[in-house]
Amino acid sequence: MAEKVLMKGNEAIGEAAIVAGCRHYFGYPITPQTELTEYMAKRMPKIEGVFVQAESEVAAINMVYGAAGAGARVLTSSSSPGISLKQEGISYIAGAELPCVIVNIVRGGPGLGTIQPSQCDYFQATKGGGHGDYRNIVLAPNSVQEMVDITLLSFDLADKYRNPVMLLGDGALGQMMEPVSFNPPENKIVEKPWAATGLRGRTKPNIINSLHLKPENLEKHNIHLQEKYATITANEVRYESLHTEDADLILVSYGITSRIVRTAVEKARQEGFKVGLFRPISLWPFPSEPLAALAKTAKAFMSVELSAGQMVEDVRLAVNGAKPVYFYGRMGGMMPNPNEIYEQILAVLQAKGDK
Amino acid sequence: MSEIVFKAPASLCDVSTHYCPGCHHGIIHRLVAEVIDELGLQDKAIGVAPVGCSVLAYDYFNIDMFEAAHGRAPAVATGIKRVHKDSAVFTYQGDGDLAAIGCAEIVHAAARGEKITTIFVNNAIYGMTGGQMAPTTLLEQVTTTSPYGRKEDQAGMPIRVSEMLSTLDGAKFIARVAVNTPGNMAKAKLAIKKAFEIQLRGEGFTLVEVLSTCPTNWGMSPVASMTWLEKNMMPYFPLGTFKTPEEVVK
């Protein structure tokens, strides 16, 4: 285990990207992720890396498209309104099957909203976001250490599947400081024979493209993409569960919210209530099968989110009507406290007639 | 003993063209390919195609290519060039792509002094989408979205891109050329060559604007289009070199 250092979430992501071999960052300042942009501005020149502050998020993601297509490990980051602007480029990157890592440190919306933490970008992150039939791999850490570990993992997954990987954090995770260690990555540097690097001895040009004018060709490309997404779904589901084996009520929660929920679940257990926590780490692919399996033993589920209820739709799809699915959420940058969640647990258990 | 004195450039593919009769894209493609050949760049040239009539440029150039989103080619080229600093990176863009939706990208690539070359094809109209008004459409010019002719009080004046970008310190070579006569073609090729050479010397951003015809959307024969270009476009978009590295060093 490497030495622990105290770091802010946003900066920890930047250092982890560098450890992962990323030497190209293109971004644009936006609260509450700006420390990441600033960190890369400071660090990249010291390691002969490239930092470009783009004129907009639109330009930044297209710089990512160019660098990824040219074969580099490349990072960009933003927060909600900026990610909306990046969606055009993300669709093209998905269409051209380019690997890159995109960090979204979510703030409250819609519109300009607030700079406080939120989880209101779940739909946008997991359901495509841009135009066309495509998916991003979406991973949601709940600690600064996990922001490091997931950043390292994200570069490997991006290269493995030639797909964008989004690290979905929030303003709280981005701003908080925790001790972290940078465990050596598996360092799966892969050959990229498809990259457009200049011919350099090749006889056949490499073309980075998402245009398929003939319907037959575009359908074939889309079928190929869907097969890739099925492979990712089969191999890359990640989650964590706590006290779920005998739980009557399972709370489903991700990211910063899962830590608040965990405190409430532990309190409920101490009070003798059979309550558990299921935490999706991969939001896409969503851990539907493990949740469906838990529906055989649990009596009810409750999704707790910093939104009006977005992930709860995936929970309902997974549970598929087998058991009731409840929802509790706060919006606009409001964070629930553990007692608030505990009260919700009691309310659901009472509604179910268990206590 | 026979000797080949004229042949197709190695950097151009031997394929049929999709461009309309009388369109200048074919000539401009060829000039770019000739320059790539002559400078020995086929092995390290990377091109970026736009959205517009030349969206399929990657089907014609026998080099590594990208297809960019509408207007974003300069940003894509920035990403490429920052990875492969020794490459010869160029964007090939039309007036809708570069002067409308991609105006921010081209201005800031030039302002950063991004070491890329832009071939900017100006035909004063949107070609691919079927003849709509472009930022370069002339006053009183009739298009499908200026059916009564472009009016200044409604749509403003056409943008002179070369002059505008010449005000930026990062732009090191800016020239406007045409390919309507053999003489102008030779001048256009020299400008394109100079732009690539300045890029390869690492001096900064370079752009060659090429005035071009669009017989299909102008609703004219190719010959009449040439006359219209000379009589209407050239007075508003004068040919010439607007910026050279010498002028940058004041």
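User: How many nonpolar, polar and charged residues make up the lining of the largest pocket?

Analyst: In this predicted model, the lining of the largest pocket comprises eight nonpolar, nine polar and two charged residues. The lining has 19 residues, and A:Ser91, A:Gly95, A:His131, A:Ser210 and A:Leu218 lie nearest the pocket centre. Helices α4 and α8 (215-235) of chain A are the elements that give two or more residues to that lining. The volume of the largest pocket is about 380 Å³.

User: What makes a space a cavity and not a pocket?

Analyst: The distinction rests on escape: a 1.4 Å probe fits in a cavity but cannot get out, whereas a pocket is an open set of points. The search of the whole structure finds one cavity of 30 Å³ or more. The largest cavity holds about 40 Å³ of space.

User: Which residues line the largest cavity?

Analyst: Its lining consists of A:Val106, A:Ser118, A:Gln119, A:Leu168, A:Gly169, A:Asp170, A:Tyr254 and A:Gly255. By class they divide into three nonpolar, four polar and one charged. Strand β7 (residues 164-170) of chain A gives the most to this lining, with three residues.

User: Why is the pair A:Glu55 and B:Arg112 called a salt bridge?

Analyst: The closest N and O atoms of A:Glu55 and B:Arg112 are 3.0 Å apart. The rule asks for a side-chain nitrogen of Lys or Arg within 4 Å of a carboxyl oxygen of Asp or Glu, so the pair qualifies. Four salt bridges are found across the interface of chain A and chain B. The interface also has 18 residue pairs in polar contact, with both residues at pLDDT 80 or more.

User: Which elements of chain A supply the side that touches chain B?

Analyst: At least two residues each come from β2 (24-27), β3 (50-53), α3 (57-69), α4 (80-96) and β9 (207-208) of chain A. Helix α3(A) gives the most to this side, with eight residues. The residues of the side of chain A that touches chain B divide into 20 nonpolar, 10 polar and four charged.

User: How much area do chain A and chain B bury between them?

Analyst: Chain A and chain B bury about 2600 Å² between them, with 59% of it on carbon and sulfur atoms. In chain A, the residues that lose the most area to chain B are A:Glu55, A:Leu199 and A:Arg200, together 22% of what that side buries. The contact itself takes 34 residues from chain A and 33 residues from chain B.

User: What is notable about phi of A:Arg200, and where is the residue found?

Analyst: Phi of A:Arg200 is near 45 degrees, a positive value in a residue other than glycine. A:Arg200 is found in the loop between β8 (177-180) and β9 of chain A.

User: How do you know that A:Lys127 and A:Asp314 form a salt bridge, and what does the pair tie together?

Analyst: The closest N and O atoms of A:Lys127 and A:Asp314 are 2.6 Å apart, and the cut-off is 4 Å, so the pair meets the rule. A:Lys127 lies in the loop between α5 (122-126) and β6 (137-139) of chain A, and A:Asp314 in helix α11 (residues 311-319) of chain A, so the pair ties together parts that are 187 residues apart in sequence. Over all chains, the rule counts 31 salt bridges.

User: Which form, cis or trans, do the peptide bonds from A:Thr31 to A:Pro32 and from A:Trp284 to A:Pro285 take?

Analyst: The bond from A:Thr31 to A:Pro32 is cis, with omega near 5 degrees. A:Pro32 lies in the loop between β2 and α2 (34-43) of chain A. The bond from A:Trp284 to A:Pro285 is cis, with omega near 0 degrees. A:Pro285 has its place in the loop between β13 (282-284) and α10 (288-294) of chain A.

Methods
Residues are numbered from 1 along each chain as its sequence is written. Chains are lettered from A and ligands numbered from 1 in the order in which they are written. This is a predicted model: local features need pLDDT of at least 70, side-chain atom pairs count only at pLDDT 80 or more; totals for chains, interfaces and linings use all residues. Side-chain values use heavy atoms; hydrogens and water are left out. On a 1 Å grid over the protein atoms alone, a cavity is a set of points where a 1.4 Å probe fits but cannot get out, and a pocket is an open set with protein on both sides within 12 Å along at least five of seven lines; lining residues have an atom within 4 Å of a point. Grid points are joined across faces, edges and corners, and a volume is the space filled by probe spheres set on the points. Helices (H or I, at least four residues) and strands (E, at least two) are DSSP runs, numbered from the N terminus. Ala, Val, Leu, Ile, Met, Phe, Trp, Tyr, Cys and Pro count as nonpolar, Asp, Glu, Lys and Arg as charged, and the others, Gly among them, as polar. Contact means heavy atoms within 4.5 Å. Buried area is the accessible area (1.4 Å probe) that two parts lose on being put together, summed over both. A polar contact is a pair of N or O atoms within 3.5 Å; within protein, one must be able to donate a hydrogen and the other to accept it, and residues adjacent in sequence count only if both atoms are side-chain atoms.
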